[in-house]
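Please find below my note on the structure under discussion. The points are arranged from the overall fold to individual residues.

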Amino acid sequence: MGATSKSGQLATHLGWIIWQMTILIKMEQTNQTSVSEFFLMGFASYAHLQSTFFAAFLMSYLFAMFGNFLFIVIIFSDTHLHTPMYFFLVNLSVLDICFTSCISPKLMAILLSETKSISYYECMTQMFLLSSALGTEVLLLTVMAFDRYVAICLPLHYTLVMCKKVYVSLSATVWTVGILNSMLHVGLILRLSFSERVFLDHFFCEIPAVTKVSLSDSHNVKLVTLVADIFLGMMCFFFIIVTYTYIISSIIRIRSAEKKRKAFSTCASHLLVVSLFFGSIIYTYVLPALNFGGSNDKVLSALYAVVSPMLNPMIYSLRNQEVKRALLKILFKNTLPIRK
């Protein structure tokens, strides 16, 4: 995409942050020797369906990995797709790979295990990686909405506003803020105390579920979670709503039916992904922080952590003629002519 050096520097910086977080988790673990492992009891009521769940999660994991890797290869292989919108979509695919990779392998291992256990270190690491990807994706979807706003509402200024320096900087900021936000949350949870045997009514280690089983006062964790939900979640969601209000009004004023259809098509995929993602996030994180929420929060968590990474590449590919054309070039490069 033309930003190899900056991407390398960003990857080095993020790797350093994750390494520091790993050291912090190990240090805290030595101070909480009473905590040895967590038991994930999310499937306890469905013991007879363990093999079915395993097959379902295995298929979704393989589809998610294959779909997102293929999507990245398609975009990198076609120079016509080296635009800000597809640059952000590559970031989204990387996030989806992170999402499903930090959840599905351990989840499938637990389904095959009799003890259903995960160590304290593994639980904190999983929670940190999941929370980082979660915060980063919230911000990334917001930046993508801004990109669509500039492309549709300010088309003559698009190349000036969304130049390479701008969209690479936005991407770096999104990743950095997402990881720092996760470090803050997990850092507070590391200070909580737990019993020697911790039972989580969940499929994986997630902030709301882990906070519930703490023996110490978790008021500060809930307060910081609520503040982060308001600023990173609700404000981003409100920004997207306002942005699309302007986008839709601009599309309605387009006279050409073909241009209007194309504009709606580029926005429809993003709106669908935003609806699925933010709907489950609000139910899982915002409502529990406000002392609301139901018994299906773990099911909604599985939706954005396991199902969404599988659906996102399909959502952005099926209605996108440019991606389809680039895929055909890869598959039939030396055999079939590609219509333009």
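The numbered points that follow concern a predicted model.

1. Overall composition. The protein chain contains 11 helices and 3 strands. Read from the N terminus, the order of elements is α-β-α-α-β-α-α-α-β-α-α-α-α-α. Of the 340 residues in the protein chain, 47% are buried. Contacts between residues at least 6 apart in sequence are joined, in 80% of cases, by residues at least 24 apart.

2. Surface. The exposed area of the protein chain comes to about 17100 Å². Carbon and sulfur atoms account for 67% of that area.

3. Strand pairing. Strands S1 (residues 37–40) and S3 run parallel and are joined by 4 bridges. Within this pairing, Glu37 is placed opposite Arg197 of S3. Strand S3 itself spans residues 197–200. Its covered face carries Val198 and Leu200, whereas Arg197 and Phe199 lie on the uncovered one. In a regular strand, side chains alternate between the two faces of the sheet.

4. The aromatic pair across these strands. The chain has 7 aromatic pairs in total. In one of them, the ring centres of Phe39 and Phe199 are 5.1 Å apart and the planes meet at 20°, so the pair is stacked. Because Phe39 belongs to strand S1 and Phe199 to strand S3, this pair ties together parts that are 160 residues apart in sequence. Are the two partners buried or exposed? Phe39 counts as buried, at 6% relative accessibility, while Phe199 is partly exposed, with a relative accessible area of 45%.

5. The aromatic pair between helices. Phe88 and Tyr167 form an edge-to-face pair, with 6.5 Å centre to centre and 80° between the planes. Phe88 lies in helix H3 and Tyr167 in helix H6, so the pair ties together parts that are 79 residues apart in sequence. Both partners are buried: Phe88 has a relative accessibility of 1%, and Tyr167 has one of 6%. Ring pairs also link Phe38, Tyr120 and Phe194 into a cluster.

6. Nonpolar cores. The largest nonpolar core has 63 residues, and Phe88 is among those with the most contacts inside it, as are Leu89, Ile103, Leu141, Met144, Phe277 and Phe278. Several helices each supply at least two residues of this core, including H2, helix H4 (120–153), helix H8 (219–252) and helix H9 (257–289). Helix H3 gives the most, with 15 residues. A second core, separate from this one, has 21 residues; among them are Cys123, Met124, Val198 and Cys205. Val198 is also on the covered face of strand S3.

7. Helix H2. This helix covers residues 50–77 and has 28 residues. From first C-alpha to last, H2 reaches 40 Å, close to the 40 Å expected at 1.5 Å a residue. Its buried residues include Phe57, Tyr61, Met65, Phe71, Ile72 and Ile75, together with polar ones such as Gln50, Ser60 and Asn68.

8. A buried arginine. Which residues are in contact with Arg148, leaving aside its neighbours within four places in sequence? They are Met85, Tyr158, Tyr244, Ile247 and Thr266. Arg148 lies in helix H4. Its relative accessible area is 9%, under the 20% limit, so Arg148 is classed as buried.

Notes
Residues numbered from 1 in each chain as written. Predicted model: local features only at pLDDT ≥ 70, side-chain atom pairs only at ≥ 80, totals over all residues. Heavy atoms only, no water. Buried < 20%, exposed > 50% of the residue type's maximum accessible area, 1.4 Å probe, protein only. Pairing = 2+ DSSP bridges. Expected span 1.5 Å × (residues − 1). Core = buried A, V, L, I, M, F, W, Y, C linked by side-chain atoms within 4.5 Å. Contact = heavy atoms within 4.5 Å. Phe/Tyr/Trp six-rings, centres within 6.5 Å; stacked < 30°, edge-to-face > 60°. Areas by Shrake-Rupley, 256 points an atom, 1.4 Å probe, with all protein chains shown as cover.
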